[in-house]
Every structure is written in C-alpha cells, then in structure tokens.
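Reader: I would like to know what stands behind the terms used for this model. Please set each value against its definition.

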Amino acid sequence: MDDHPIVVENLVKYYEGRCVLNGIDLEVPRGCIYGLLGRNGCGKTTLIRTLLGLEPPTRGRTMLLGADSRRLSARARARIGYVAEGHNLIQNYRVRRLIGLCRDLALHWNEAFFSQLMETFRLPMDRKIKELSAGMRAELNLALAMAVDPELLILDDPTLGLDTVARRQFLELAIDLIQKQDRTILFSSHILGDVERIADRIGIMVAGKLIVDCELEELKRRVRKLQILFPSEAPKDLYITEIIHQRNAGREMVLTVADWNPQKQAILETFGPQSCTELAMTLEDIFIECTRPATAAVVEGSEV
Amino acid sequence: MRTYWTLLKREIIDHVAYFAAALILSGLLTAMLVSIAVSFDGSDRELFGIAGGIAATIAVVGGLCGLGVAQMYADRVRNISAFLTALPVTRAQIFIARIAAGVLAILILLLPPAVAATMLLGPNVDGVPVYRGVVPDVFRGLFLMCLACYSVGIYAGWHRRSLAPTLGVLPVVLLVPLLLVIKGFGPDSAAILAIFILACLAGTWCRFASSSL
C-alpha cells in the first residue's frame with residue numbers, strides 16, 4: 001500500500017441522482033506525477049474531493065497514503081498538500097491571517113521555503129483574499145500547499161481562471177518546485193499542454209469513467225491514427241477491436257485505434273485498402289479522440 | 001492541543017461580536033445582582049422586574065442560537081471546513097473546537113453572575129433572603145438552557161442551506177426557557193435539557209461528519 005500513495009477501488013459517486021463517477025479504479029505509484037485529464041464536468045474534481053475525504057463515496061473506497069480517505073488522521077493530512085480548483089481559501093480573511101492560521105495548524109512548516117516563495121510572489125499581506133486577483137490566489141494557495149513539504153501534492157486545475165501569462169508563470173514555478181523534490185503529484189487539468197509538460201503518467205476521464213490510465217509515452221506509442229483510402233466507399237463495418245474513433249468520408253476513412261498490431265493490419269487488408277498512412281498524434285489529438293462523446297462507449301471495453 | 005487552541009481562537013475571532021455581547025450582558029447581569037443585594041430593604045417587592053427578565057432571556061436565548069447558526073452557516077457559505085480539512089485538521093477537531101467556543105460564550109455570560117450570586121448569598125453576608133443552595137441549581141439550569149439554545153442553532157445552521165429557514169428556528173428556541181418556567185430548576189428539567197442537547201449535538205455531528213464539504 002505504501003508503494004501507492006493514491007488508491008481508488010471501484011469508486012462510484014451519485015450526485016442528486018446523477019452518476020458522476022462510474023467505477024473508477026486507479027493506483028498512482030510513489031514518486032509519480034500523474035496528470036488527470038478530462039473535459040469540464042467529467043468528474044475530475046469530484047474524484048479529487050472524494051480522495052481528500054471532502055465528498056463521501058456512494059460505493060467503493062479511496063485511500064491516501066495507506067489510510068481510508070474518510071478516516072484520514074491529522075498526521076496523514078499533514079503529509080498532503082492540496083491546491084483546490086478555484087483556490088478555495090477563506091475569502092474574508094486577510095492574507096496575513098490566513099497564513100498565520102495555516103502555520104499554526106501545520107505539523108511541519110518550512111518557514112525558509114515559504115518566505116522564499118512569498119518573496120517571489122510579493123503578495124499584499126494586508127489585503128483580503130477576496131480582493132486578490134485569481135493569479136495571486138493561485139500563488140498563495142500553491143505557497144501554502146508547498147510550505148508543509150508535502151509527500152503527496154494534489155493540484156486540482158490550479159491554473160483555472162488564470163490568463164496566459166499568469167498560467168505560464170504559475171506552471172514554471174510549479175515545475176521548478178516539483179522537480180526539486182521527489183514527491184507524488186496528482187495534477188488535474190483540462191489544458192493538455194500543462195499536463196504534457198509535467199506528467200509522466202496520464203489518466204483521461206470521460207463522463208465519470210477513467211478510460212485511459214498509462215504512462216504518457218506508452219499512450220503516445222499505443223494510440224495510432226490512420227488515414228486509409230479505399231478504391232470505392234470506405235466500409236462502415238470494420239470489425240477491429242479497440243477502435244477509439246472512426247470517421248468515414250467517401251473513400252477515405254480516418255481511424256484512431258489502440259494497440260495497432262499485425263492482426264489488426266491483416267483484418268484491414270481484407271477490405272483491400274488502396275493506401276494506409278499513419279498520421280502523427282500529439283497528446284491533444286489523443287485527448288480529443290478519446291473524449292469525443294460518441295467514442296466513450298467504444299473505448300469503454302478497451303481501456304488503453 | 002495546539003490545533004484545538006488555534007481552531008478555538010479562530011472561532012472566537014470570527015464571532016467576536018457574540019463574545020463581546022456575552023461579556024457586556026454578563027456585566028449587566030452581575031451589576032444588577034449586586035444592585036439588588038445592596039439596595040434590598042427587606043420588603044416583599046419582586047426582586048427582578050418581569051419585563052427585564054423576559055428581555056434578558058430573549059437576548060440570551062436568541063444570541064446563543066444566533067451564534068450556533070452563524071458558526072455553521074458561515075462555514076457552509078465560506079467553505080471554511082473544506083479549507084481546514086485540507087490542513088492537518090479532522091472534522092472532529094473542527095466540531096469540538098466549535099462546541100468549545102459555544103460553551104466558552106455561555107461561561108463568559110453566566111460565570112460572573114454565578115460567582116457574584118454565590119458571594120452575595122454567602123454565609124457571612126446579610127442580604128437577600130434566598131436559600132443559598134438554590135444558586136447552583138439555578139445556574140446549572142440556566143447553563144443547560146443556554147447550551148440547548150446554542151445546540152439548536154448549530155443544528156439548524158448546518159441543516160439549512162439558506163438563511164431564512166435557519167432563522168425560523170429562533171421562535172422555537174424561545175420555547176426552551178418555558179421548560180424552566182414550568183418545571184423549575186430541578187433535576188427533571190436538567191435531565192430533559194441534557195437529553196435534548198445530546199440529541200441536537202449528535203444529530204449535527206452525524207450530518208457534519210458525513211456531508212460534502
């Protein structure tokens with residue numbers, strides 16, 4: 001259990017009669033930077049909130065650092081840093097008071113590191129949190145999360161609402177901090193570039209399901225996009241397993257498929273294609289293919 | 001203990017108006033007790049004005065219920081517990097510190113008058129002809145009444161999402177002092193109030209421990 005600071009077992013969450021998380025299984029190994037991707041409303045934040053014990057699961061269980069999320073002790077919580085979506089800080093507190101509160105409650109507080117961060121950010125200490133810009137709130141939240149030297153860092157869409165410059169500054173600082181210390185990180189975002197720069201393992205969520213869970217390089221290697229030309233109209237009934245997306249337009253078929261192998265190639269050959277060209281895919285292309293609404297059902301039975 | 005102290009301090013600072021009001025009211029009650037004892041001339045006139053008593057009761061009952069509502073309602077609106085539980089703090093610690101703040105407000109309110117009453121009715125003081133032994137019973141009853149009103153406040157504050165229905169419990173809370181008027185300060189009313197308080201606190205804890213933050 002210690003080798004996996006984050007464990008999710010058959011997690012199901014219903015919210016007001018709607019299934020928000022549908023049978024999620026996930027294990028994040030120690031030292032891994034895990035990028036959790038998904039479109040808005042796919043369940044990323046609910047998964048993270050359930051992991052932290054902020055949401056009770058309907059079924060299944062989640063564990064952080066070997067302890068059940070619903071029964072996390074103060075000592076276990078002290079080893080976790082959390083940057084919430086929208087930077088959920090106490091809005092009517094002044095910056096100084098909020099820092100004081102966090103410092104007093106922390107079991108371990110790296111004052112030297114925190115001071116260094118505050119010097120970089122130059123936050124106005126006497127201003128109320130609600131009067132700070134989104135970028136300042138993000139910086140403060142990150143500084144508070146990092147000051148406890150967390151063993152496990154959970155960042156829930158930390159760049160949401162930031163403009164391009166603030167987002168880039170925030171990410172560069174985050175990358176710098178992350179790379180300096182060996183820790184497990186769960187990083188959720190819907191901005192592909194952010195995740196691609198940081199993560200070494202990727203999870204893609206679609207409609208409450210984790211449809212992809214593998215290393216970033218493996219994902220890029222396993223998912224192929226093929227442009228196939230047929231002499232006449234492209235066949236609609238191409239019986240190949242693990243098709244992520246298929247688009248037919250006249251003689252042309254664009255096929256996104258996982259685990260392309262000689263067997264699948266042989267099946268394709270039986271349809272007599274004129275040409276078959278592999279198209280280069282970025283993480284963004286893979287993400288878009290995987291999260292197309294019509295493909296969710298196709299991918300469900302063939303987790304990448 | 002440092003966590004509890006920090007959380008308690010946070011509760012006091014966030015609701016300082018209630019604690020200041022408790023302190024002022026406590027001072028007024030103490031002054032009133034001293035004034036009665038000093039100016040008592042042995043006649044049969046009423047020791048306390050009925051109107052003043054009712055006004056003080058409403059202020060105490062409403063204020064303590066309001067404190068409970070304010071603590072829980074502010075938590076819901078500002079996501080305070082959601083923030084705190086991301087720190088090395090458990091829901092149980094937040095809840096205990098919150099209740100401790102409520103008990104502290106009640107003690108601030110009742111302790112000075114209780115001490116004053118005990119001293120004014122002391123064995124070596126010639127004063128108001130009241131049986132000394134009644135003081136602990138009266139203040140125990142008043143403490144439980146205050147705690148019951150506070151408990152209703154935190155129960156309502158966490159159970160209702162909007163403020164209007166939450167404030168709707170205030171008239172209900174006014175019924176609590178009637179129990180003391182009808183049953184007196186004896187062990188019966190103390191037992192009823194204690195059960196009522198436990199039920200309110202247990203109900204609030206169950207919801208607080210299991211709900212989304």
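Author: The turns below take up the terms one by one. This is a predicted model, in which local features need pLDDT of at least 70 and side-chain atom pairs count only at pLDDT 80 or more, while totals for chains, interfaces and linings use all residues. Residues are numbered from 1 along each chain as its sequence is written, and chains are lettered from A and ligands numbered from 1 in the order in which they are written.

Reader: How do you know which part of chain A has the lowest mean pLDDT?

Author: pLDDT is the predictor's confidence in each residue, from 0 to 100. Among the elements of chain A, helix α11 (residues 296-300) has the lowest mean, 39, and α3(A) the highest, 93. Helices here are DSSP runs of H or I with at least four residues, and strands are runs of E with at least two, numbered from the N terminus. For chain A as a whole the mean is 84, and 93% of its residues reach 70 or more.

Reader: What makes A:F187 part of a nonpolar core?

Author: Such a core is a set of buried Ala, Val, Leu, Ile, Met, Phe, Trp, Tyr and Cys residues joined through C-beta atoms within 7 Å. Buried means that 20 or more other C-beta atoms lie within 10 Å of the residue's own, exposed means 12 or fewer, and partly exposed is in between, with C-beta atoms placed from the backbone. The largest core has 132 residues, and A:F187 is among those with the most contacts inside it. Helix α6 (residues 134-159) of chain B gives the most to this core, with 13 residues.

Reader: Which residues count as contacts of A:F187?

Author: Two residues are in contact if their C-beta atoms, placed from the backbone, lie within 7 Å. Beyond four places in sequence, the partners of A:F187 include A:I33, A:Y34, A:L155 and A:I198.

Reader: How many residues does each chain give to the contact between chains A and B?

Author: Chain A gives 23 residues and chain B gives 18 residues. On the side of chain A, α3(A) gives the most, with four residues.

Reader: Why does β2 of chain A stand at an edge?

Author: Four strands of chain A form an open sheet in the order β2-β1-β4-β5, with antiparallel pairing. β2 (18-28) and β5 (67-68) each have a single partner strand, so one side of each is left without a neighbour in the sheet.

Reader: What makes β1 and β4 of chain A a pair?

Author: Two strands pair if DSSP finds at least two bridges between them. Five bridges join β1 (residues 6-15) to β4 (residues 59-64) of chain A, and A:V7 has A:M63 as its bridge partner in β4(A).
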